[in-house]
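Hi everyone, thanks for coming. Have a look at what's on the screen, and then I'll talk you through a few spots I picked out.

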Amino acid sequence: MAQPEIKSESVGTVVVAGAANLAIAAAKLVAGLISGSAAMLSEAAHSVADTTTEVLLFVALRRGARPADTRHPFGYGKESWVWAFFAALFTFVAGAGFAITHGVTTILVHEHSGDYLVSYVVLVVSFVIESISLARAVRQVRRESRRWRTTPLRYLRLTADTTVKAVVLEDSAALIGLVLAGLGVGLSELTGDELWDGVASVLIGLLLLAVAATLAYSNLSLLVGRGVPDRLRHEIERSLAGLPEVQRIDTLLTMQLGPADILVAAKVDFDDEATGAAIEAAADEAERRLRSRFPEIRFLFLDPTRSLPGATLRSRPAPEPPGGEPPTDPGTH
């Protein structure tokens with residue numbers, strides 16, 4: 001059995017995002033301290049949270065790709081979601097908590113000291129760097145969505161590779177946060193009222209809360225044990241039912257074991273006239289057929305079952321249209 005491997009493209013995306021966030025965090029912190037802007041300090045906390053998140057996502061990729069052993073026969077794929085869940089919690093507590101608290105304080109106290117110019121310079125440079133990081137993640141999403149013959153947004157919603165999802169969401173939130181910070185700093189300078197700076201900081205915190213909640217829910221549902229999407233499940237069922245020896249699929253269960261590992265288990269009613277050798281050959285053909293189309297299927301278990309009294313046979317699936325496999329989606333519901 002082939003062992004899971006670290007997706008080099010995902011590692012590259014996480015490393016690029018982490019390096020970008022580290023540089024931006026330092027610049028924002030200096031700008032926030034010099035200008036006294038609450039929004040800039042909140043953006044610094046945002047980037048620090050993102051940097052820590054990328055470190056945890058890198059750990060997730062490394063830990064999740066360890067080979068299976070006797071204690072963990074299905075591998076360590078689910079551990080990647082544990083670390084990704086920790087990353088979401090850190091964003092929730094550190095990034096959002098600091099931004100909202102500091103924003104509220106600024107609204108109440110209305111204190112500001114320092115030059116605004118440095119904030120504008122750092123915001124522009126940060127926007128460029130974050131855009132480069134996001135562009136790399138988006139390219140990966142588009143390539144994967146084409147492979148699965150679905151839209152990038154649907155792929156991003158359903159994919160079990162939560163490291164890529166985290167980078168895309170965090171970089172997108174970072175760009176929106178930079179715009180909010182720029183508006184807050186600009187309005188505060190124009191009106192002379194630090195209320196706008198504080199409001200921008202609170203909005204940045206709420207944005208981080210939304211991202212953290214989305215990522216936490218996605219990872220938690222995968223840890224609980226999610227199946228593959230309905231469309232992919234139907235394709236697996238269609239492929240199994242298309243074997244000549246198969247009369248009916250009584251039960252079909254699927255589960256994501258990792259970002260690129262799927263388990264399939266099915267109770268199959270084989271033809272009563274089929275010999276043991278024919279059933280073995282059909283099982284081998286089912287494994288070959290499914291893995292050739294869906295390399296992510298790492299485990300396939302077929303359990304021959306008796307025909308149910310009075311049960312009607314499931315109709316044979318219609319032949320596939322020429323020109324390749326029908327569209328499928330990764331991930332889960």
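Let's start with a question: is phenylalanine 86 buried, partly exposed or exposed? Phenylalanine 86 turns out to be partly exposed, with a relative accessible area of 40%. Before I go on, please keep in mind that this is a predicted model.

So who is the partner of that ring? Tryptophan 83 and phenylalanine 86 make an aromatic pair of the edge-to-face kind, with 5.8 Å from centre to centre and 85° between the planes. Both residues sit in helix α3, and because they are 3 residues apart, about one helical turn separates them. Here's the bit of textbook to remember: an α-helix has 3.6 residues a turn, so residues three or four places apart point the same way. Tryptophan 83 is partly exposed too, at 24% relative accessibility; the cut-off for buried is under 20%.

Now let's step back to the whole chain. The protein chain has 9 helices and 3 strands. Reading from the N terminus, the order is α-α-α-α-α-α-α-α-β-β-α-β. Of the 333 residues in the chain, 47% are buried.

Back to rings, then. How many aromatic pairs are there? The count comes to 3. One of the pairs is formed by phenylalanine 74 and phenylalanine 299, and that one is edge-to-face, at 5.0 Å centre to centre with 80° between the planes. I like this pair because of where the two residues are: phenylalanine 74 is in the loop between α2 and α3, phenylalanine 299 is in strand β3, and so the pair ties together parts that are 225 residues apart in sequence. Phenylalanine 74 is partly exposed, at 38% relative accessible area, while phenylalanine 299 counts as buried, at 12%. Ring pairs also bring in Phe301, so Phe74, Phe299 and Phe301 are linked into a cluster.

Next, the helices α4 and α6. Helix α6 runs from 162 to 191, which gives it 30 residues. From first C-alpha to last, α6 reaches 42 Å, close to the 44 Å expected at 1.5 Å a residue. Right after α6 comes glycine 192, with a positive phi near 75°.

How do α4 and α6 meet? Their axes come within 9 Å and cross at roughly 160°. The cut-off for roughly antiparallel is over 145 degrees, and therefore α4 is roughly antiparallel to α6. The crossing is left-handed. If you sort the residues in this contact by class, you get 15 nonpolar, 8 polar and 3 charged.

Here's one to puzzle over: which residue has a positive phi of about 55° although it is not a glycine? That's arginine 149. Most residues other than glycine have a negative phi. Arginine 149 lies in the loop between α4 and α5, and arginine 149 is partly exposed, with a relative accessible area of 42%.

One last stop: valine 224, in helix α7. Is valine 224 buried or exposed? At 67% relative accessibility, valine 224 counts as exposed. Its C-alpha is 9.6 Å from that of lysine 78, although the two residues are 146 residues apart along the chain.

That's my tour, so over to you for questions.

Conventions
Residues are numbered from 1 along each chain as its sequence is written. This is a predicted model: local features need pLDDT of at least 70, side-chain atom pairs count only at pLDDT 80 or more; totals for chains, interfaces and linings use all residues. Side-chain values use heavy atoms; hydrogens and water are left out. Helices (H or I, at least four residues) and strands (E, at least two) are DSSP runs, numbered from the N terminus. The expected span of a helix is 1.5 Å times one less than its number of residues. Axes are lines fitted to C-alpha atoms, for helices over the stretch in contact, and angles run from 0 to 180 degrees between N-to-C directions. Angles under 35 degrees count as roughly parallel, over 145 as roughly antiparallel, 65 to 115 as roughly perpendicular and the rest as oblique. A crossing is left-handed if the near helix is turned anticlockwise from the far one by less than a right angle, and right-handed if clockwise. Ala, Val, Leu, Ile, Met, Phe, Trp, Tyr, Cys and Pro count as nonpolar, Asp, Glu, Lys and Arg as charged, and the others, Gly among them, as polar. Rings of Phe, Tyr and Trp (its six-membered ring) pair if their centres lie within 6.5 Å; planes under 30 degrees apart count as stacked, over 60 as edge-to-face and the rest as tilted. Buried means under 20% relative accessible area, exposed over 50%, partly exposed in between (1.4 Å probe, protein chains only).
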